[in-house]
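Please take a moment to bring up the sequence and the model side by side. The paragraphs that follow go through a few local features, one after another.

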Amino acid sequence: MSRKASALIALCCAVAGVALSACDGATEAESAFTGTQKIKVGERSVNVSCAGNAAEGRPVVVLLHGGGDDLGKLSGLQNTLAAQGRVCSYDRLGAGASDQPDGPQSFESTGKILTGVLDQVAAGEPVVLAGHSLGGLIAARYSPDHQDRVKGLVLMDATSPTQEADLRQRIPDSATGMAAELRAQTLAVFAGQGPEKLVVTDAEVRPAGDIPVEVIQHGKQYLTAVPEYGAGLEQAWSEGQRKRLALSGRSNLSVAANSEHYIYVDQPDLAVRAIQRVVDEAKSE
């Protein structure tokens with residue numbers, strides 16, 4: 001599948017839910033590894049990559065990849081950020097080199113995996129979550145119930161919290177051609193038929209505490225493949241990004257003018273600055 005087609009489908013992906021469960025913590029020595037290795041979260045094997053050294057008072061940055069991607073997609077961003085401190089990424093179940101899910105996943109189970117990863121890579125230290133697309137939605141849904149741990153968020157073109165409703169409204173059931181295909185494929189993902197087998201529902205944005213939040217949306221429209229509905233989808237996407245401001249009274253929304261969906265690829269310096277800004281604000285507190 002081409003990058004353009006993947007991004008088109010990613011624009012219409014959404015997920016819902018959050019988990020409250022924790023896994024066993026790791027010792028400081030166990031959490032200090034660098035490189036890529038498999039860790040156990042409960043009975044599942046999760047592929048994790050970490051780089052950089054922990055710095056006193058600096059939150060650990062954890063990167064969350066988009067749907068259909070894996071941690072390898074984030075390697076350039078991770079390596080750049082590692083010059084400033086510890087940064088990790090991981091493959092969710094059904095992605096990359098992690099185990100496959102046993103069946104349909106909820107975001108309770110997905111959040112449980114995230115909690116287990118944080119326990120082992122951050123050793124009880126605060127974290128900043130930086131997610132792209134589906135990963136951004138996961139981070140935003142997870143944070144309100146983990147305010148003791150998540151001290152900042154960076155959401156890079158995160159999937160809209162109302163993406164299923166937006167899709168159904170903007171592309172009617174009577175659509176044909178590429179638009180009909182996009183609608184059908186995306187709704188199939190919502191039903192848990194994607195690689196991660198996540199079952200999708202929309203949900204309101206809940207506050208995550210008085211933490212720094214950077215919301216970055218793409219600035220280059222790219223839905224030319226469905227011209228009849230593209231403008232409406234882009235409008236709904238922008239509205240979804242604005243809804244993210246409800247996460248915190250310290251939320252900031254910006255536009256990556258020269259980026260399509262993969263902001264951290266199209267404008268890596270912008271993504272790095274946003275993450276470092278949130279980390280610096282969280283560190284000062």
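Which residue does a disulfide join to Cys 50? In this predicted model, the partner is Cys 88, and the two sulfur atoms are placed 2.1 Å from each other. The pair links distant parts of the chain, since Cys 50 belongs to strand E2 (residues 44–51) and Cys 88 to strand E4 (residues 87–90), with the two positions 38 residues apart in numbering. A search of the whole structure finds 1 disulfide, and the link of Cys 50 and Cys 88 is right-handed, with 110 degrees about the S-S bond. Is Cys 50 buried or exposed? Cys 50 counts as buried because its relative accessible area is 3%, which lies under the 20% limit used for that word. Cys 88 is likewise buried, because its relative accessibility is 1%.

The side chains also include charged groups placed over aromatic rings. The charged end of Arg 86 sits over the ring of Phe 33, at 5.7 Å from the ring centre. In another case, Lys 73 lies over the face of Tyr 262, and here the distance to the ring centre is 4.5 Å. As for rings that pair with one another, the count comes to 1 aromatic pair.

Turning to the interior, one may ask which residues line the largest cavity. The lining is made up of Arg 92, Leu 93, Gln 105, Thr 110, Ile 113 and Glu 196, and by class it has 2 nonpolar, 2 polar and 2 charged residues. The volume of this cavity is about 40 Å³, and the structure holds 1 cavity of 30 Å³ or more.

The backbone deserves a look as well, at two loop positions. Ala 123, found in the loop between helix H3 (107–122) and strand E5 (127–132), has a phi near 50 degrees, a positive value in a residue other than glycine. Ala 123 counts as partly exposed because its relative accessibility is 28%, a value between the limits of 20% for buried and 50% for exposed. Lys 197 also has a positive phi, of about 55 degrees, although it is not a glycine. The place of Lys 197 is in the loop between helix H6 (177–190) and strand E7 (213–218), and Lys 197 counts as partly exposed because its relative accessibility is 32%.

Conventions. Residues are numbered from 1 along each chain as its sequence is written. This is a predicted model: local features need pLDDT of at least 70, side-chain atom pairs count only at pLDDT 80 or more; totals for chains, interfaces and linings use all residues. Side-chain values use heavy atoms; hydrogens and water are left out. On a 1 Å grid over the protein atoms alone, a cavity is a set of points where a 1.4 Å probe fits but cannot get out, and a pocket is an open set with protein on both sides within 12 Å along at least five of seven lines; lining residues have an atom within 4 Å of a point. Grid points are joined across faces, edges and corners, and a volume is the space filled by probe spheres set on the points. Ala, Val, Leu, Ile, Met, Phe, Trp, Tyr, Cys and Pro count as nonpolar, Asp, Glu, Lys and Arg as charged, and the others, Gly among them, as polar. A disulfide is a pair of cysteine sulfur atoms within 2.5 Å. Helices (H or I, at least four residues) and strands (E, at least two) are DSSP runs, numbered from the N terminus. Buried means under 20% relative accessible area, exposed over 50%, partly exposed in between (1.4 Å probe, protein chains only). Rings of Phe, Tyr and Trp (its six-membered ring) pair if their centres lie within 6.5 Å; planes under 30 degrees apart count as stacked, over 60 as edge-to-face and the rest as tilted. A charge sits over a ring if NZ of Lys or CZ of Arg is within 6 Å of the ring centre and within 35 degrees of the ring normal.
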